[in-house]
Amino acid sequence: MSRVRLTHSCEVQCASFSFISIELGPNMFELSVALKYLLPRWRQLSVSIISLISILVISLVVWLIVVFLSVTHGLEKIWTQKLIALTAPIRITPTENYYRSYYYLVDGISAGSDFTHKTIREKLQAEASDPYNPEEDEEIPALWLSADRNQDGSLNDPVKKAYMALENIHRVPGLRVKDYELTAGNLQLHLIRNAAQVNPQIVSLNKATEHVHSSLTQVAWLGSFDPHQLNLMQALLPIDAKDLTNVLEVSDFDPKNQGEQSDELALADAQTVQSRLRSFFDKVAIRSLKTPSNGWLMPRHLFSANQTYAVQVEMVNGKPAHLWITAGSSKMPAANAQGTLRIDENTNAHLKLDKDPAEIRLSPSTPILLSGDITFPAQLMASSLEKAAKSSDLLFEIELIVQGKTWKGSVPFQNLKIDEADFSSVYSTPPTVSPDWLFATTEQKKKTLNLPSIPSKGEGVLLPKSFKEAGVLIGDGGHLSYMSPTASSVQEQLIPIFVAGFYDPGIIPIGGKLILINQETTSLIRSAQNEQVLSSNGINVNFKKLHEAPQVKAAIQKTFEEAGIAPYWKIETFREFEFTRDLIQQLGTERTLWSLIATVIIIVACSNIISMLIILVNDKKVEIGILRSMGASSWSIASIFGFCGVVMGITGSLLGVAIAWVTLHYLQTLVNLISQFQGYEAFNPVFFGNSLPNQMSMEALLFVFITTIVISLLAGIVPAVKASMLRPSAILRSE
Amino acid sequence: MPPSYLSSVVLRATQLIKTFYSPVKVPILRGVDLQVMKGESVAIMGRSGEGKSTLLQILGTLEKPCSGKLEILDKEVTSVNQNAMRNRHLAFIFQSFHLLEDYSVIDNVLMPARIGRRAVGKGSLAYKQACELLDYVGLSKRFHFDTKRLSGGEKQRVAIARALCNDPDIILGDEPSGNLDKQTSLIIHDLLLEFVKERGKALIVVTHDHTLANLCDKQYMLQNGHLVSIPSMSI
């Protein structure tokens, strides 16, 4: 009876084993045997352990390669995107031949050109290619190269011909040609900040808003802003609530008239302030406000009678100097006592300290503050906007719940900060008064970027990210200065400007100093300086498919050669730009080098497969003999062991890719962890951005799979040949 | 009077010569001639070291003769067709059973079918045949059994079932009962001979066992590299 039961249980067990064996089609006999051999089993512990180790090593290598290649590939993509955002996939710049040509130099001696050299745009717009008038203008210097003339005697015009040639290049989707100018100037910004927010020690709480002024001066490159360069949007930093608060606060001032040394702040007249505020609220709807981090002076009228609050108190000389009503468990750094605040029926305030049972009646001037960073819904009172002569005159209807009590009423904007607001930077029709920030218009379905220009503030400029990191905000004003030579002296010229946005310059080395401004301004400064040394000029060629850049370049080169203007122009794709070439090349080299090292590591990892398979062949000698006796060919036997190698390779790769996927998914957490261990940023944010790219690269996947499969197949060949060479008669006889 | 199916020759060996050269030159077979008809059972006897197993392996195309000709079903065996020949027309039964230990009983029986690229799924013809064969050898309750758990006799029954899986024409037995006790040997002999008779297969066994040899239609003795026919009663 018991025997029957035993047999039965065995059968059940064995049946479950056959369930996990993989059923493959009749043509997959070799693969099915290979899989059978690879399934770990106790009887072949050594083989199982070695094959497990081989698979783990392969997956480790695959993991490393996929993560590394994905990150570098992503980085290159981000860098290129930022590079293209500020430049173009292809840049055409004038060569030395151009600047030495009669065509370029002749403007300097011609009355028709106002004796100034012309930019590419001016050359394109000029009616005559040759403005020289032999009768009026001075003689052409003998040192000049002779004029390059067409067959009909007219001057060869490299600029107009280049534009014509570019227009005739077909089959490049989204091709757009735009000249750019780069010049230099001196940027001076006046940063006007609310004193209470700058320095907690000078919280002049009882006074009206007080502001402090600092200025920032820097020599900067000025690049011409291209309204149609929509790629720029990818590099723009978002406008935040701090920026909006700043725009509102600096409405009161007139930074362009601010003297550098003067402590007195230049104020804007009431009419200007009024129009600025109207314009602001035309575009921005404030939804909630926030108390400044050092605390906000509570208007007493918000208190209702007969209410009590837990407060933190700063006692100075035994008297309460400041009181803070806190929300939650926040602790005010200056507080040195705790107590209860009571408002009586006449809204007088009384303080009872925890350590002292006596109640103190507070003077109306004792500041009662609401602790910092408390947000509450707020709505502008339209009537206050009409009367406001400065931003702090604006009144907001608020509703605030602190310590379970509701405060409702109107409060002035004084010292408060914007927390949330609805605003737009995309308009279907251009606004009559520009907003203070860079905006886009989508007229007739064509998107255009606009740098604002506001008469009372000046020209809007786009600053690189580094300025924002240094504390500059949108709305800050100042001026650009440059030297303009006149007949007798050199004069400093000032152009009023204000900050209209920030962009991320990525890897462009001068990016930290490159300011984007309307082309009219760059042209103005350029023509005043009349020096090519400090400035550069060229043509950006934009198109959609970046990878086609070399072909487009070749096409341009060809048409330029046909037009006879090739010597005047240098055509470069974004990979060849002098200022980024090294970095991009280095990244490429690193990737190639890494792929090579990776291949070597994969080879080492796969060599484990060889030893494992040789052990397996020795282990399976008899089975090989039996299979041969049943008619399996030597090719079949070789295939079985070849498959073993490939299956291990593929399993390792899949495992590695899976771990890589998880790693990439949690990459930021990992990087933060590493940074924490090291005590400093593991990856320089200047190069790598605030977060590393974590998209798995298809290229990396392909590379890894092909390399691993090929190498594991090669590793399988040696044992496979050994297995197929075994003579079945010898094996079976020796048994 | 021989039965009517004993008409065609399934195996014909002509002047098989085999010499081993390593470590010293040893001539094993010096010209062996053998003809086996369909449904015929042949026993080859001889002293140890005479080359019985070598002859069997040559007949089973596992070993190449130094010279001589081997024809199976009137086709000469070459290095090109030998694997297919072995798979389709030949089957081995070994003294030490040689089952595939990683596989279950039914999978062992199906292995020749797998190698022959036949479908072996549950509904397939090969599967049905394998079940029938296992039924016949009395192992119908051991289909999914691990081969390691079987007794010697059971193992040899599986080997017999496996040998017949691809419906071969010739079965080659190398001491098929050499590792079994006397009683089990008798059962295996009966099973094997009954099987070949019933299904019309040719059987060539190499054996020391006179009982088995006497059960066969013909008996030969391998002596000095030559095959000598001996009358059955004389053994």
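This passage walks through a predicted model with two chains in contact, A and B, from the overall picture down to single residues. Because the model is predicted, local features are described only at pLDDT of at least 70 and side-chain atom pairs count only at pLDDT 80 or more, while totals for chains, interfaces and linings use all residues. Residues are numbered from 1 along each chain as its sequence is written, and chains are lettered from A and ligands numbered from 1 in the order in which they are written.

Chain B makes a friendly starting point. Its secondary structure comes to 7 helices and 10 strands, where helices (H or I, at least four residues) and strands (E, at least two) are DSSP runs numbered from the N terminus. Of the 235 residues in chain B, 47% are buried. Here a residue is called buried if 20 or more other C-beta atoms lie within 10 Å of its own, exposed if 12 or fewer, and partly exposed in between, with C-beta atoms placed from the backbone. Contacts tell a further part of the story; two residues are in contact if their C-beta atoms, placed from the backbone, lie within 7 Å. Among contacts in chain B between residues at least 6 apart in sequence, 71% join residues at least 24 apart.

The two chains meet where 24 residues of chain A are in contact with 28 residues of chain B. On the side of chain A that touches chain B, α1 (2-20), α2 (29-38), α16 (621-629) and α21 (728-734) of chain A each supply at least two residues. That side of chain A consists of 12 nonpolar, 6 polar and 6 charged residues. In this count, Ala, Val, Leu, Ile, Met, Phe, Trp, Tyr, Cys and Pro are nonpolar, Asp, Glu, Lys and Arg are charged, and the others, Gly among them, are polar.

Next comes the interior. A nonpolar core is a set of buried Ala, Val, Leu, Ile, Met, Phe, Trp, Tyr and Cys residues joined through C-beta atoms within 7 Å. The largest one has 117 residues, and those with the most contacts inside it are A:V66, B:V109 and B:I204. Helix α3 (residues 45-86) of chain A gives the most to this core, with 12 residues. Apart from this core lies another, of 96 residues, among them A:A165, A:V461, A:Y482 and A:I515. Beyond its neighbours within four places in sequence, A:V66 has contacts that include A:G656, A:A660 and A:L701.

Helix α4 of chain B (residues 125-136) shows how a helix can have two sides. The helix has 12 residues and reaches 16 Å from its first C-alpha to its last, close to the 16 Å expected at 1.5 Å a residue; the expected span is 1.5 Å times one less than the number of residues. Buried residues of α4(B) include B:A126, B:A130, B:L133 and B:L134. Seen down the axis, the buried residues of α4(B) fall within an arc of 95 degrees, so they line one face of the helix; the arc is that of the directions from the helix axis to the C-beta atoms. On the other side, B:L125 and B:K128 are exposed. The cover over the buried residues of α4(B) includes α3 (105-115) and α5 (152-163) of chain B. After α4(B) comes B:G138, whose phi is positive, near 80 degrees.

Chain B also holds an open sheet of 4 strands in the order β2-β1-β4-β5, with antiparallel pairing. Two strands pair if DSSP finds at least two bridges between them. The edge strands, β2 (26-37) and β5 of chain B, each pair on one side only. Strands β1 (residues 9-20) and β4 (residues 67-72) of chain B pair over 5 bridges, and B:I17 has B:S67 in β4(B) as its bridge partner.

Several loops of chain B deserve a closer look. In the loop between β1 and β2 lies B:P23, and the peptide bond from B:S22 to B:P23 is cis, with omega near 0 degrees. B:V77 sits in the loop between β5 (75-76) and α2 (82-89) of chain B and is buried, with 23 other C-beta atoms within 10 Å. B:E175, in the loop between β7 (170-174) and α6 (182-199), has a positive phi near 50 degrees and counts as buried, with 20 C-beta neighbours inside 10 Å. Phi of B:N224 is also positive, near 50 degrees, but B:N224 is exposed, with 11 other C-beta atoms within 10 Å.
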